[in-house]
Amino acid sequence: NAAAAVGEAMALAAAGEGGKASLGSTGLRCVAKACLQRYRVASSEIFHVLERNLSHNAVMEKGGLDEVYLDVTSMVDAELRSLGEGHNGQASEALVDLAQKAVQCSVLEGGVQVDLEHEGDRRLVVAAMIAKRLRDAVRNDPACGYTCSAGVAANKLLAKIGSARNKPAQQTLVLPRAVNGLMQGISLGKIKGLGGKLGIALQELCGTEGKAGDVQQAPWEVLLRAAGTVERAQWVFNIVRGIDDEAVKPKGLIKSLNSCKSFGATSNRNEITKWLGVLSDELAERCVEDEWEHRRRPKSLVLHYRKVRNPERSIRCTMPLPPQGAGRGEAALAQVIFGAATTLFKRCSDPLPCTRLALAATDFHTAPVEGASAITSFFAPAQASNAHRALPQSPHHPHSSPHVASTSKAPPMHPQNAKNTAHPRTPPANLQQQQQQQ
């Protein structure tokens with residue numbers, strides 16, 4: 001239980017050397033699309049390293065491309081047993097030595113010092129050393145080499161806040177006696193669940209500057225009025241004090257693969273066609289790699305579109321597959337996705353002027369392991385081998401993957417990061433021919 005006195009949670013955020021291109025200029029955004037594939041591959045490598053270095057049924061929950069929550073309670077239990085008990089209830093020499101190392105490799109939130117007479121402190125210093133080992137494993141792994149920041153605390157909320165305190169390559173240890181001081185200055189927008197309407201209502205009713213410490217002073221009646229129900233008011237009361245009972249939970253694979261692009265309003269169908277080609281190419285790459293790693297295939301293709309001053313709408317069809325003899329590789333799949341996407345757009349009701357397009361592959365089912373019907377059969381042998389090597393496999397099963405799901409907004413990466421990397425993708429061959437004719 002990550003929220004209990006015996007629970008330890010940590011949040012790790014990875015940073016790395018990003019690409020040199022930037023989408024900061026309006027001109028570049030108009031002709032190129034950011035590509036996160038490099039960072040998805042790096043994220044996969046990091047999670048595989050973490051999996052290999054976790055033990056005793058520790059729990060891992062993906063929080064984004066560059067963030068993960070870990071409940072290492074079971075690992076702490078095992079390590080405390082191995083460290084042994086000291087005399088007369090005192091900490092053993094081994095635990096004292098470990099605590100000194102934990103202090104040396106951590107930033108102590110609020111300057112609060114470790115007191116090994118407190119069970120919570122003993123457990124958290126062990127968790128801090130586990131965090132250090134995991135960060136070192138990611139840094140030293142030949143496939144990774146990334147630095148990580150980390151927050152070590154008794155629950156997910158405090159661990160996440162701690163992980164952002166000393167980026168990009170340090171860890172923050174939040175001891176129980178540091179929690180009150182930490183939460184006093186935290187903005188409501190930094191707390192999951194208080195960044196929207198509820199946070200605004202609390203700020204207005206409490207007459208505060210939007211700090212958790214201000215909401216701590218609010219009367220119960222004000223909390224109830226802002227939250228609407230007793231249950232939500234109780235949750236607000238607890239969360240602004242750093243009390244969080246949300247468990248770290250392993251979750252299943254993502255339910256859809258997406259490729260999207262926002263742009264200035266346009267009624268130019270040639271421009272729409274261009275972006276559909278770019279999105280088709282990216283989605284095809286993701287579908288092929290996803291099938292290699294997870295042995296599943298989408299049954300549906302969804303086109304999302306947004307017209308100026310209108311909500312986003314969508315239209316779908318069965319996910320197409322390249323016919324036999326159409327060629328091999330991602331290009332063949334991109335070709336049929338592009339054809340289906342252009343047909344879907346023609347069926348859209350009054351979509352222009354358009355400001356956003358997105359393609360999604362969804363409704364997954366188990367893919368054939370072998371044979372001509374598998375997407376992977378469209379690889380040439382050498383291509384298939386290279387693709388397989390690009391995605392490291394879990395040690396537990398040749399086709400397994402971390403139990404992960406995106407559940408919270410990840411903190412920013414290194415300034416030169418995935419979100420700022422432009423990688424214009426090559427449209428399918430038929431789209432190139434159309435553009436040349438135009």
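Contact means heavy atoms within 4.5 Å. The structure described here is a predicted model, in which local features need pLDDT of at least 70, side-chain atom pairs count only at pLDDT 80 or more, and totals for chains, interfaces and linings use all residues. Residues are numbered from 1 along each chain as its sequence is written, and side-chain values use heavy atoms, with hydrogens and water left out. Helices (H or I, at least four residues) and strands (E, at least two) are DSSP runs, numbered from the N terminus.

**Nonpolar cores**

- The largest nonpolar core (a set of buried Ala, Val, Leu, Ile, Met, Phe, Trp, Tyr and Cys residues joined through side-chain atoms within 4.5 Å) has 41 residues, of which Met10, Leu50, Leu70 and Val125 touch the most other members.
- At least two residues of this core come from each of β1 (9-15), α2 (37-53), β3 (67-71), α3 (73-83), α4 (93-104), α5 (119-140) and β5 (147-153).
- Helix α5 supplies the largest share of this core, 11 residues.
- Beyond its neighbours within four places in sequence, Leu50 is in contact with Leu12, Met60, Val68, Leu134 and Val138.
- Another core lies apart from this one; its 32 residues include Leu303, Cys348, Leu359 and Ala361.
- In soluble globular proteins, nonpolar side chains tend to be buried together.

**The four-stranded sheet and helix α13**

- Strands pair here if DSSP finds at least two bridges between them, and an open sheet of 4 strands, with antiparallel pairing, follows the order β7-β10-β8-β9.
- Its edge strands, each pairing on one side only, are β7 (256-266) and β9 (313-318).
- From one strand to the next, the twist averages 20 degrees; axes are lines fitted to C-alpha atoms, for helices over the stretch in contact, and angles run from 0 to 180 degrees between N-to-C directions.
- Antiparallel pairing joins β8 (residues 296-307) to β10 (residues 354-366) over 11 bridges, and Tyr305 stands opposite Leu357 in β10.
- Helix α13 (residues 330-347) lies across β8, β9 and β10 and runs at about 40 degrees to β8.

**Aromatic rings and charges**

- Rings of Phe, Tyr and Trp (its six-membered ring) pair if their centres lie within 6.5 Å, with planes under 30 degrees apart counted as stacked, over 60 as edge-to-face and the rest as tilted; by this rule there is 1 aromatic pair.
- The pair is stacked and consists of Phe263 and Trp275, at 6.2 Å centre to centre with 5 degrees between the planes.
- Phe263 belongs to strand β7 and Trp275 to helix α12 (residues 269-294), 12 residues apart.
- Both Phe263 and Trp275 are buried (buried means under 20% relative accessible area, exposed over 50%, partly exposed in between, with a 1.4 Å probe and protein chains only).
- A charge sits over a ring if NZ of Lys or CZ of Arg is within 6 Å of the ring centre and within 35 degrees of the ring normal; the charged end of Lys274 sits over the ring of Trp275, 4.2 Å from its centre.
- Arg296 lies over the face of Phe364, 3.8 Å from the ring centre.

**Backbone features in loops**

- The peptide bond from Lys167 to Pro168 is cis, with omega near 0 degrees, and Pro168 is placed in the loop between α6 (156-163) and β6 (171-173).
- A cis peptide bond also runs from Leu352 to Pro353, with omega near -5 degrees; Pro353 lies in the loop between α13 and β10.
- In that loop between α13 and β10, Asp350 is also found; Asp350 has a positive phi of about 50 degrees although it is not a glycine, and Asp350 is exposed, with a relative accessible area of 51%.
- Arg309, in the loop between β8 and β9, has a positive phi of about 60 degrees although it is not a glycine; at 80% relative accessibility, Arg309 counts as exposed.
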